[in-house]
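User: Hey, I've just opened this one and don't know my way around yet. Can you walk me through it?

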Amino acid sequence: MVETRISTAERAARVRFRRAIALMVMTLVLPGSAQLVAGNARVGRIALRVWLGLVLLGAGSLVVSALHHDYAFWMVSSPTALQVLRLGLMGLAVGWALLFVDAWRIGQPLSLLLPHRRAVLGVNGVLCLTVASALLFGSHVVGVQRGMMLSMFSGSEVVGAHDGRFNVLLLGGDAGAGRTGLRPDSLTVASIDASTGRTVLVGLPRNMSGFTFPEGSIMAEQFPQGWDCDDCYLNALSTWATDHRQLFRGHHNPGVEATIEGVEGITGLKINYWAMVDLRGFRTLVDAVGGVTLNVRDRIPVGLPHDDFYTHIEPGVQKLDGFETLWFARARYDSDDYSRMARQKCVMAAMLDQLSPKDVLTHFSDIAAASSAMVSTNIPAGEVDRFIGLALKAKGQKISTVSLVPPAIVTSDPNLRKVHRMVQRAIDRAEGKKVTQRKGAKSEQVSASDEADAKASEESSESSGQDESAESVAPSEVTGGSIGSMRSGYAANEAEDLASAC
């Protein structure tokens with residue numbers, strides 16, 4: 001009789017143990033089902049309805065995102081949507097954890113044998129912490145994304161496309177030692193087709209001078225004859241405007257505003273938005289995505305000869321880290337500004353081509369932190385989804401380039417009519433329009449500027465600390481790390497397919 005009673009008690013204990021485990025598994029699979037079966041049925045019904053509603057909402061969002069990518073881009077870029085999602089994940093984490101605790105209570109742990117009691121407590125703790133931690137981590141990732149959107153995209157004015165294109169001025173700034181402020185040393189206009197994403201990169205040399213400003217602009221009122229004085233270069237506009245900020249009332253960044261007016265006068269394009277990239281933060285971004293693969297065509301100096309870290313990046317197709325990529329893009333020792341412009345375009349094309357959604361998700365926090373420190377822009381947060389969509393469209397297409405450099409353009413005295421024609425032709429070709437060459441235009445491009453360009457090239461070479469050979473180099477050769485030469489023009493500076501020129 002005693003053995004029978006012990007056997008019956010053991011079987012009852014095992015049943016209670018299995019029941020307690022089952023209640024926790026039910027809570028994991030269908031939150032609220034344990035309460036509906038053995039606890040507070042009202043709480044169970046509410047929890048189940050909330051869970052099923054969230055599942056349907058999530059599934060519906062995935063379907064809509066697959067069919068309409070704009071919805072997905074809006075979800076990951078809207079601060080309001082991200083805040084709702086963040087709070088929802090936090091609430092779900094707390095609510096689910098409470099349901100696990102209640103399921104443990106319903107399992108009557110005090111009626112279990114001590115080994116079973118410990119096992120139930122351990123299983124419940126693991127499930128509770130695992131689920132809550134996963135949801136809270138998701139909430140953290142969403143919070144990081146929202147913080148990045150708020151810190152980076154603080155613009156408030158939405159500007160529509162001009163002639164079917166968005167023109168975004170990309171400024172590469174360097175606030176290194178001995179420099180005042182973040183001055184733009186790299187200037188590129190990304191002209192993006194508002195429908196297809198087909199992009200044309202218009203490169204402007206930082207040493208361009210002698211240009212005029214758009215009629216009615218602030219700078220045109222101050223310099224009606226144009227930006228033509230001692231040391232009046234394109235990248236000096238920012239410093240001048242910062243020193244005369246009283247002229248730019250209502251503008252948050254006078255330096256950028258003056259630079260935009262200069263770029264509009266040179267290119268004939270109306271700028272929609274701007275983005276300033278701090279080159280020091282760029283290094284961090286490249287490291288965050290695991291490096292970028294580039295075709296290094298000849299030895300690129302890292303630093304200057306007097307630097308204790310001075311070395312070279314050797315030729316070959318290789319993956320460069322952030323430090324190396326930064327020097328690949330900015331080096332001009334044993335080179336020149338125009339080769340550097342070509343290499344910078346190659347870096348842009350490589351990052352657009354190689355940065356995949358998987359990389360973004362894997363290194364999300366690092367990328368967000370690097371981007372916040374690296375980029376300032378006036379693009380409103382509400383427009384980010386549009387540009388994400390255009391970037392993904394551009395990823396699968398050729399990128400065209402046109403650069404306003406010798407031998408086509410004399411940077412010290414640019415022919416703005418010719419510049420406007422060059423820019424428009426590049427855009428027309430990118431849009432698939434038939435481009436007709438004006439009779440005699442080719443000979444004009446060479447003969448009218450050869451002598452002045454040679455002088456400009458010599459001056460540029462002197463400023464970069466080395467001499468340029470007078471002998472013309474065939475475009476198939478490599479100088480300064482880019483295909484071509486200063487005299488013939490670098491392939492990446494004017495190409496219908498940038499990738500093939502890199």
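User: Let's start small: which backbone nitrogen does a side-chain oxygen of N415 reach at the start of α16?
Analyst: That would be the backbone nitrogen of R417, to within 3.2 Å. Keep in mind that this is a predicted model.

User: And what comes after α16?
Analyst: G432 follows α16, and its phi is positive, near 80°.

User: How far apart are the end C-alpha atoms of α16?
Analyst: They are 21 Å apart. That agrees with what you'd expect, because 15 residues (416–430) at 1.5 Å a residue should span 21 Å.

User: Which residues of α16 are buried?
Analyst: Quite a list: L416, K418, V419, M422, V423, R425, A426, I427, D428 and A430.

User: Switching topic: in the largest nonpolar core, which residues touch the most other members?
Analyst: F153, F387, A492 and L498 do, out of 50 residues in that core. The largest share, nine residues, comes from α6. Other elements that supply at least two residues each include α1, α5, β2 and α15.

User: What is F153 in contact with, leaving aside neighbours within four places in sequence?
Analyst: M148, T377, I379, P380, A381 and V384. Apart from this core lies another one of 41 residues, with A220, A241, F248 and A430 among them.

User: Now the whole chain: how many helices and strands?
Analyst: The protein chain has 18 helices and 15 strands. Of its 502 residues, 45% are buried.

User: And how much area is exposed?
Analyst: About 25,200 Å², with carbon and sulfur atoms supplying 58% of it.

Key. Residues numbered from 1 in each chain as written. Predicted model: local features only at pLDDT ≥ 70, side-chain atom pairs only at ≥ 80, totals over all residues. Heavy atoms only, no water. Core = buried A, V, L, I, M, F, W, Y, C linked by side-chain atoms within 4.5 Å. Buried < 20%, exposed > 50% of the residue type's maximum accessible area, 1.4 Å probe, protein only. Helix = DSSP H or I, 4+ residues; strand = E, 2+ residues; numbered from the N terminus. Contact = heavy atoms within 4.5 Å. Expected span 1.5 Å × (residues − 1). Polar contact = N/O pair within 3.5 Å; in protein donor to acceptor, adjacent residues only side chain to side chain. Areas by Shrake-Rupley, 256 points an atom, 1.4 Å probe, with all protein chains shown as cover.
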